[in-house]
Amino acid sequence: MRATSTGLLLACVLGTACAQDMIPPRVAVAPVDWDAVRGEIAGSEALRPLLAGPDASTLTQLNKAAARAYPAIPQSAVPVLLPIDAAALLRAPAEGDAPKDDSTTGPRLMFLMTGPSGYDAAFAVRRPGSDDTDARRDVGVLISGSLLLYELDEPRVASDEPVKDKELAAQFPGIRRIFLEHHLRFAFERFGVPYVVSTECYDGPSRGRRLSCTAADQLMTGFTRSLQLVGGTPQSAPETATTIDRPTDTSPAFTYNSPGRLLPNTGFRGRDGVVDYTVYAKIRFPLAQAPAYANSQSFLNWGDCDHTGRSSRSGDKGAPYRCRVNGKPLVFDESVAENRSYPWRDNFCEHRSFLVGQCPGGHGHQGQDIRPTTCKLRNEGGDRCLPYQDDVAAVRDGMILRGAGRELTYLFVNVAGEHIRFRYLHMNPKMLDADGVLSGRAVREGELIGKVGTFDRREFGTTYHLHFDTQVMTKYGWVFVNPYMTLVAAYERLLGARGREIKEELEPSVTAAAVAETVEQAQAATGAPLDIGHAHASLSGGDDDHRVGQDKSGGINERLKIASLPKSEIISSRRSERGGDARERSSTRAKHGVRALGHHVSAKSHRARRAASDLHAHNERDKTRHSRLRASR
Ligand SMILES: [Zn+2]
């Protein structure tokens, strides 16, 4: 592997001010052994009789044959491994008579993108041992081979062990079985190139559309065994992509809090966000218009506090309430100015039960939430912004991965020096279907691909915002990274002017003592732990976004776990370290919050509040037990 952008990083380490500047990603390039590729084709007993001419042209012949059925295959900068019969491709006699993928039981190709950084292919695979002919229950499996590897801080991986299947281990020496971000992944190296096969899975038995990790293991073993070399073309090593390009003027209005600085105490179990100044790609801002406001949906006005407890159920428009975690005064009105104000606020790794390897607590929000320009109310008494007022734009030239009826919309980018993908949430699936925003569609940077919505399993299932996240190709496959500075840089270009970073916390935050007091009073009032840590996890990615229902037992376990944590675990260490005057002031402020909280909470209202919070649930809150993979043997 050759690092392409470490020089600049080294300069930053030596400089002092550089630590606060935007930085490019670290990307390594795989040394592809094309001689080994040609040797394998020439040495294959199945392929040799079908090839003509000298060994040097074997790869060309294979590409030509593959292109008859799959025109994109030869454009991959790495050897393409797919569950496709290479001999059948070579046997197909002529143009127009190519073997099409017409099998009813084998993997069905749903998406294939190839290019200078490698390839990604998504397949729909029949469930193991299933005679279920309903294709909607098929499982999505993604395979990626990459010339590029983004080098990140080591993620929090739930498990990483050798693959036990002997045949597979012989076929791909060194193959690993990894569970990360709700996906089971088989990772191996071949011809000097990293490959990752992945699918989404959960603990326990398969239920509905939810696949158990034991079944996923079986399915992935079969899929990976059937991989064959079907093409690819040597290409010159890529240039490092330019990701940072800032305007020179300074905006009089746009300010942003530093990356990693979440709203006080809104990280997972009090942990902070990720201080990451990396601009992962030079993108167009995902909303068509400025102004737009990156901030928290759950912990600002009308937010549900991500089920960590709030002082009051939804009331009349403008009724006050507070989130339990920080006592911040809020109102039930999505349209208030605070929701649409600078400075921006990072909310990557904010409290959620999604597994996110880069988050300090191993869990958190997978991306950044952004409110658009408009908040149009139905009438004067309305407290929710109406959906579909603002346009969403493709951030780069790329290809869409999205199944019909689904909410998750991926945009894959595969260009020289970049292998990255972006995901948009909360647009309306029916509208996306009608507009043909579906797998395989090529889009141009800036092209409008939809309208900002409130869709989270249903309309008004969440606040009016766009969720945007970013994943890069790593040795573990696709991994979530903090998109915040990438978005800051994109927004600056949209404005034509730089923003100003706000490095100090300006608003008083709630201290450790105040939060502890709040918990005690609230618990005394209810006689039970507050509704905190309502566990949920969901499809963090992949191509198969089957949503899962609530798992009550998991939720309870999670609540018990968090309720039994020492108080010091619940609050942010960063804030608790503050002392002196700031603590005194904010403690006094918080005491008022404590009274308000205690006043509203009663044993009777607690149950009602739970029901209400389920009814009014919002942000990407599909609930299930935390997936902590148990090795299936
Ligand atoms: Zn979100």
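Q: Two strands pair if DSSP finds at least two bridges between them. With that in mind, how do you know that β4 and strand β5 (residues 118–125) are partners?
A: Seven bridges join β4 to β5, so the requirement for a pair is met. The two strands run antiparallel, and T114 stands opposite Y119 in β5. Strands here are DSSP runs of E with at least two residues, helices are runs of H or I with at least four, and both are numbered from the N terminus.

Q: What kind of model is this, and how are its residues numbered?
A: Good thing to settle early. This is a predicted model, in which local features need pLDDT of at least 70 and side-chain atom pairs count only at pLDDT 80 or more, while totals for chains, interfaces and linings use all residues. Residues are numbered from 1 along each chain as its sequence is written.

Q: Why are β4 and β8 said to stand at the edges of the sheet?
A: The open sheet has seven strands in the order β4-β5-β6-β11-β10-β9-β8, with antiparallel pairing. β4 (108–115) and β8 (159–162) each have a single partner strand, so one side of each lacks a neighbour in the sheet. From one strand to the next, the twist averages 15 degrees.

Q: What makes α2 and α3 perpendicular, or are they parallel?
A: Helix α2 (residues 34–43) packs against helix α3 (residues 58–69) at about 75 degrees, with the axes 9 Å apart. Axes are lines fitted to C-alpha atoms, for helices over the stretch in contact, and angles run from 0 to 180 degrees between N-to-C directions. Angles under 35 degrees count as roughly parallel, over 145 as roughly antiparallel, 65 to 115 as roughly perpendicular and the rest as oblique. The pair is therefore roughly perpendicular.

Q: Which residues of α2 and α3 meet?
A: V37, R38, I41 and A42 in α2 meet T58, L59 and L62 in α3; contact means C-beta atoms, placed from the backbone, within 7 Å.

Q: Why is N295 called buried rather than exposed?
A: A residue is buried if 20 or more other C-beta atoms lie within 10 Å of its own, exposed if 12 or fewer, and partly exposed in between, with C-beta atoms placed from the backbone. N295 has 24 such neighbours, so it counts as buried. This residue lies in the loop between β14 (293–294) and β15 (320–322). Beyond four places in sequence, its contacts include L300, W344 and D369.

Q: What about E181 and C305: buried or exposed?
A: E181 has 30 other C-beta atoms within 10 Å and C305 has 27, so by the cut-off each is buried. Neither is a glycine, yet phi is positive, about 50 degrees at E181 and about 60 degrees at C305. E181 is in the loop between β9 (176–180) and β10 (183–190), and C305 in the loop between β14 and β15.

Q: What is the omega of the peptide bond joining A290 and P291?
A: Omega is about 0 degrees there, and the bond is cis. The bond from Y342 to P343 is also cis, with omega near 0 degrees.

Q: How confident is the predictor in the protein chain?
A: pLDDT is the predictor's confidence in each residue, from 0 to 100. The chain has a mean of 79, with 73% of its residues at 70 or more. Over residues 506–633 the pLDDT is below 50, and over residues 2–19 it stays under 50.

Conventions:
Two residues are in contact if their C-beta atoms, placed from the backbone, lie within 7 Å.
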